[in-house]
Amino acid sequence: IQQIALTVKSDIEDFKPKIPLIQALRNPGMRNRHWEELSELVNMPIRPKKELTFSKCLDMGLQKHIESISKVAEKAGKEYSIEQQLDKMENDWKSVKFEVLPYKTTGTFIIKTSEEISQMLDDHIVATQSMSFSPFKKAFEERIAAWENKLKITQEVLDEWLACQRSWLYLEPIFSSEDIIRQLPVESKRYQTMERIWRKVMKQAKDNPEVITLCPESRLRDNLREANKLLEQVQKGLSEYLETKRMAFPRFYFLSDDELLQILSQTKDPKAVQPHLRKCFENINKVHFEDDMRISKMYSAENEEVEFRKEIYPVGNVEDWMSEIERIMRETLRQIIRDSLQDYLTRPRKKWVQYWPGQVVIAGSQVYWTKQVSEALERKDIRIYHEQQLRELDELRELVRSDLTDNARETLKALIVIEVHARDVVINLLEEKVQNVNDFEWISQLRYYWTDDHLYIRAVNAEFRYGYEYLGNTPRLVITPLTDRCYLTLTGALHLKFGGAPAGPAGTGKTETTKDLAKAMAVQCVVFNCSDQLDFMAMGKFFKGLASSGAWACFDEFNRIDIEVLSVVAQQITVIQQAQFQRAERFMFEGVEIVLKQSCAVFITMNPGYAGRTELPDNLKALFRPVAMMVPDYALIAENSLFSFGFSDAKALAKKIVQTFKLSSEQLSAQDHYDFGMRAVKSVISAAGNLKRQYATMNEELICLRAIRDVNVPKFLQDDLKLFTGIVSDLFPKIKEEPIDYDILEEGLSFACKQLNLKDVPGFVLKCIQLFETTIVRHGLMLVGPTGSGKTKAYESLQIAMTHLKGKISPAGSPFKPVHTSVLNPKSITMGQLYGQFDELTHEWTDGILSTLMRLGVAAENDDKRWYLFDGPVDAVWIENMNTVLDDNKKLCLSSGEIIKMTDAMTMMFEVADLSQASPATVSRCGMVYLEPSILGLQPFVECWLRKLPDPVFKYYDQLNKLFETYLE
């Protein structure tokens with residue numbers, strides 16, 4: 001045996017050196033060209049035939065040439081791997097196809113490509129390029145080059161194709177309108193040529209969706225390039241067309257491109273413009289078309305009707321007759337004010353205030369107030385006028401309590417607010433012993449004069465013509481000493497052609513004061529909520545609109561814009577202000593000559609620094625007059641507001657309301673979601689006003705007590721609630737609270753709990769009722785509380801209950817409406833996906849989720865309630881874009897310049913665990929409902945879970961319940 005082993009071993013040893021030769025000759029990459037190379041190297045012909053055995057190779061003495069042979073074999077192996085890689089790539093592409101889908105009713109298709117296709121393309125191009133650098137590529141040089149070319153063309157074709165498809169999808173609905181085709185003949189021809197190419201290309205794709213056989217065709221690439229070139233020209237023509245329309249009617253600058261196109265594509269039907277009037281005018285909600293299409297009246301959002309004094313026929317281009325509406329609106333108001341001033345002398349005042357439109361009543365009474373005070377000062381008997389004024393005020397308060405139409409009541413509320421301030425001014429004149437018409441105490445007020453058939457407003461040495469913008473019948477701000485000082489600074493700034501910059505903490509009335517000054521002067525004021533997504537192009541569009549329409553803009557939270565954009569904005573504002581100094585009628589702005597109306601102005605409001613705020617550059621600061629807004633006089637505001645609602649004991653009640661908030665902020669625990677500022681006071685006042693209207697004869701103290709409780713109780717923690725009850729009972733000692741009748745709502749809630757398989761725990765039902773109460777006084781509210789406190793179930797239960805009870809009268813006095821909810825998680829998507837964004841390369845606008853949802857809500861035909869639920873953490877960045885939505889403006893401002901106005905049926909709800917990251921601006925804008933897990937305890941959870949057990953386990957119900965009670969309670 002040993003002998004055998006030795007023999008075998010020596011045979012193996014002998015054979016070992018020959019193994020590299022076998023390996024080399026048997027290399028799978030050996031092709032004919034390699035055998036020829038071998039034959040040349042060893043000087044004898046070697047052919048891989050049947051008879052070529054290994055022993056023959058050894059006999060030929062190939063062993064001596066092993067090094068040369070190995071080299072050839074190695075080269076063959078490397079070439080073989082390149083060949084295999086190429087084959088694999090070609091095979092991979094065979095299965096890749098486009099998804100070709102039919103598009104609407106156009107009769108053509110669109111392609112849907114996946115991320116994988118572009119990823120695979122990129123990977124394969126990189127792989128092919130690295131092959132072309134390989135030293136062994138010679139044999140496949142042509143094949144590699146051809147393949148690389150194929151992939152590159154495919155990539156180019158795909159890029160062109162998707163760009164083309166994006167533009168086509170945007171332009172297709174525009175050019176399917178006959179009006180646009182008629183107005184843009186050249187662009188329409190180009191578009192039709194492009195569409196022919198597009199349809200041909202898409203037909204090819206439908207017949208052969210395989211990417212690699214369809215795309216690498218230079219003819220297809222050239223076709224798509226041609227289509228894109230045409231599209232670019234069409235887009236350019238379209239932008240220029242929109243620009244000319246905007247120049248003809250500058251208020252179109254405040255609309256986004258899509259909104260403007262919507263108007264222009266429906267010029268045949270003038271009535272289609274109705275929904276867009278709100279966006280072009282301060283408060284024309286709709287106009288009335290007679291049978292012969294004559295426009296005869298305008299209506300405000302509050303449904304106040306004003307008849308035009310001249311005829312308008314909507315003929316010709318839409319921008320022409322919209323300009324005509326603007327001109328006639330102003331002329332109509334001028335004439336109505338003139339007539340009302342003459343009528344004031346003959347008609348009794350009580351009747352006069354109800355006869356004319358709200359805006360006219362306020363303007364007219366201000367003119368007579370100015371006149372009478374001036375005359376009294378000259379006669380030196382201001383005290384006699386003061387007594388007359390008090391009589392007139394009492395008369396108005398009596399009138400407010402009587403049975404009035406809604407519009408008359410609104411007019412009176414606004415008038416009383418203005419008249420109370422007029423009374424305070426006269427009291428001040430008496431206290432300061434003013435004798436002269438030119439004393440500062442008097443000339444620092446806003447004074448109204450009717451001269452030369454026009455209304456003028458004077459403040460100190462500045463004089464402005466009344467703007468005659470129709471404002472409808474809207475409430476006015478209570479004018480406190482702070483407001484007076486703010487007006488003084490802002491009118492001084494306007495006189496010198498500067499802007500105004502009120503700055504101060506949240507809830508001090510920066511934006512509202514600016515808006516109210518615009519109302520006092522009857523100028524259109526466009527409020528815009530700035531975000532860091534605004535670029536200089538969007539701002540430029542805005543400024544063009546301001547300058548050429550003579551409107552004001554109030555940029556809210558201005559210091560959220562990026563510093564790079566702000567420096568351009570400084571340039572843009574400087575250009576406008578210089579043109580105003582020179583009293584130019586036209587000026588150059590960003591390379592275009594536009595009209596300048598002298599009344600235009602820019603106001604910016606800023607919050608002091610916290611997350612996402614920038615310091616303004618100095619060249620920008622210099623263009624604005626700063627106004628420091630500090631805490632306003634709550635008591636005065638509350639007193640005047642309650643007075644205008646018809647409360648007789650307004651002063652004492654206002655003190656109690658303010659005291660409640662003061663003591664609460666001092667004595668209760670500090671929580672992130674507590675806010676006792678101006679907005680909280682205001683919601684108590686509006687709740688009190690609603691109750692006063694509902695129960696006119698109820699004790700006024702009881703009304704205030706109920707309003708305070710309804711607004712504040714939902715947000716308190718259990719411990720704070722006891723303290724708060726103590727504070728309130730000290731302030732309203734003799735008042736016995738009457739229970740409110742919630743039977744019908746409780747019935748609905750118990751029905752909802754059954755539907756959701758919940759237990760109607762009394763504490764939980766109470767929270768649902770509080771949520772209902774909060775939805776009445778606030779349009780933005782937050783459900784705050786840790787996980788498991790029933791936030792989601794609270795709003796779901798209330799939604800089911802309200803929908804179930806539709807048509808029945810609710811505790812608020814109006815019928816219940818069905819509720820629709822839209823739920824989203826704002827932190828799971830980017831800001832761009834939430835609000836919409838511009839594409840960085842193509843500057844093309846893509847809509848966001850919230851803006852789409854709100855647009856659908858605004859367009860809805862019914863007045864069902866719509867709740868938008870944001871279920872996710874609140875931080876100072878994403879929610880700040882909603883500041884103008886959550887305050888009295890109720891407008892969502894998108895960076896495309898579009899402004900979506902919330903309807904009264906909409907409510908924004910936020911479901912959060914805490915508000916540690918929210919800014920004061922956000923907290924003060926929202927109503928709060930706080931839910932604690934302790935309200936529920938463990939029992940309801942156990943009970944509901946046991947109810948759902950499957951039958952075989954259900955029989956152990958009692959034992960399981962006992963276990964829970966023993967070990968977990």
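Helices and strands here are DSSP runs, helices of at least four residues and strands of at least two, numbered from the N terminus. With that in place, I can start with a loop. E557 sits in the loop between β11 (552–556) and α23 (563–581). Keep in mind throughout that this is a predicted model.

What is the sign of phi at E557? Phi is positive, near 55 degrees, and the residue is something other than glycine. As for cover, E557 has a relative accessible area of 4%, so it counts as buried, the limit being under 20%.

V460 is another residue to look at for its backbone. Its phi is also positive, about 50 degrees, although V460 is not a glycine. V460 belongs to the loop between β7 (454–459) and β8 (462–465). With a relative accessible area of 30%, V460 is partly exposed.

Next, the regions that come from the record. UniProt, in an unreviewed entry, lists "domain: Dynein heavy chain linker" at residues 3–339. In the model, that span is 65% helix and 7% strand, and its end C-alpha atoms lie 137 Å apart. The record, again as an unreviewed entry, also places a "coiled-coil region" at residues 217–244. Over those residues the chain is 96% helix and 0% strand. The C-alpha atoms at the two ends of residues 217–244 are 41 Å apart.

Now the salt bridges. How many are there? The count comes to 59. I will go through three pairs and one network.

The first pair on my list is E79 and R33, with the closest N and O atoms 2.8 Å apart. E79 is in helix α5 (residues 66–94) and R33 is in helix α3 (residues 32–42), so this salt bridge ties together parts that are 46 residues apart in sequence. On the cover of each partner: E79 has 5% relative accessibility and counts as buried. R33, at 38%, counts as partly exposed.

The next pair is E148 and K152, whose side chains meet in a salt bridge at 3.5 Å, N to O. Why are these two about one helical turn apart? Because they are four residues apart in helix α7 (residues 141–175). E148 is buried, with a relative accessible area of 14%, while K152 is partly exposed at 36%.

Then there is D257 with R246, a salt bridge at 2.9 Å, N to O. This one links distant parts of the chain, with D257 in helix α12 (residues 257–264) and R246 in helix α11 (residues 218–248), 11 residues apart. Here the acid is partly exposed, D257 having a relative accessible area of 31%. R246 is buried, at 4% relative accessibility.

Which residues are joined into one network by salt bridges that share partners? They are R309, E331, R334, R338, D339 and D453.

On to a contact across the sequence. V713 and Y930 are 217 residues apart in sequence, yet their C-alpha atoms are 9.1 Å apart in space. V713 lies in the loop between α28 (700–712) and α29 (718–731). Is V713 buried or exposed? V713 is buried, with a relative accessible area of 10%.

Last, the surface, where I have two patches to show. One is negative, formed by D741, D743, E746 and E747. Of its members, E746 lies in helix α30 (residues 743–755). E746 has 38% relative accessibility, so it counts as partly exposed.

The other patch is nonpolar. L938, F941, L963, Y967 and L968 form it, with about 540 Å² of accessible area together. Which helix gives the most to this patch? Helix α40 (residues 957–968) does, with three residues. L968 lies in that helix, α40. Why does L968 count as exposed? Its relative accessibility is 53%, and the cut-off for exposed is over 50%.

To recap the points on the slides: a positive phi at E557 and at V460, 59 salt bridges, the V713 and Y930 pair at 9.1 Å, and a negative patch that includes E746 alongside a nonpolar one that includes L968. That is the end of the talk.

Note on methods. Residues are numbered from 1 along each chain as its sequence is written. This is a predicted model: local features need pLDDT of at least 70, side-chain atom pairs count only at pLDDT 80 or more; totals for chains, interfaces and linings use all residues. Side-chain values use heavy atoms; hydrogens and water are left out. Patches are made of residues with over 30% relative accessible area and no salt bridge: like charges are joined within 9 Å, nonpolar side chains (Val, Leu, Ile, Met, Phe, Trp, Tyr) within 5 Å. Accessible areas come from the Shrake-Rupley method with a 1.4 Å probe; for residues, only the protein chains shown count as cover. A salt bridge is a side-chain nitrogen of Lys or Arg within 4 Å of a carboxyl oxygen of Asp or Glu. Buried means under 20% relative accessible area, exposed over 50%, partly exposed in between (1.4 Å probe, protein chains only). UniProt positions are given in the numbering used here, feature names are shortened, and annotations may be inferred rather than shown by experiment. Lys and Arg count as positive and Asp and Glu as negative; His and the chain ends are not counted. The place of a charge is taken as NZ of Lys, CZ of Arg, CG of Asp or CD of Glu.
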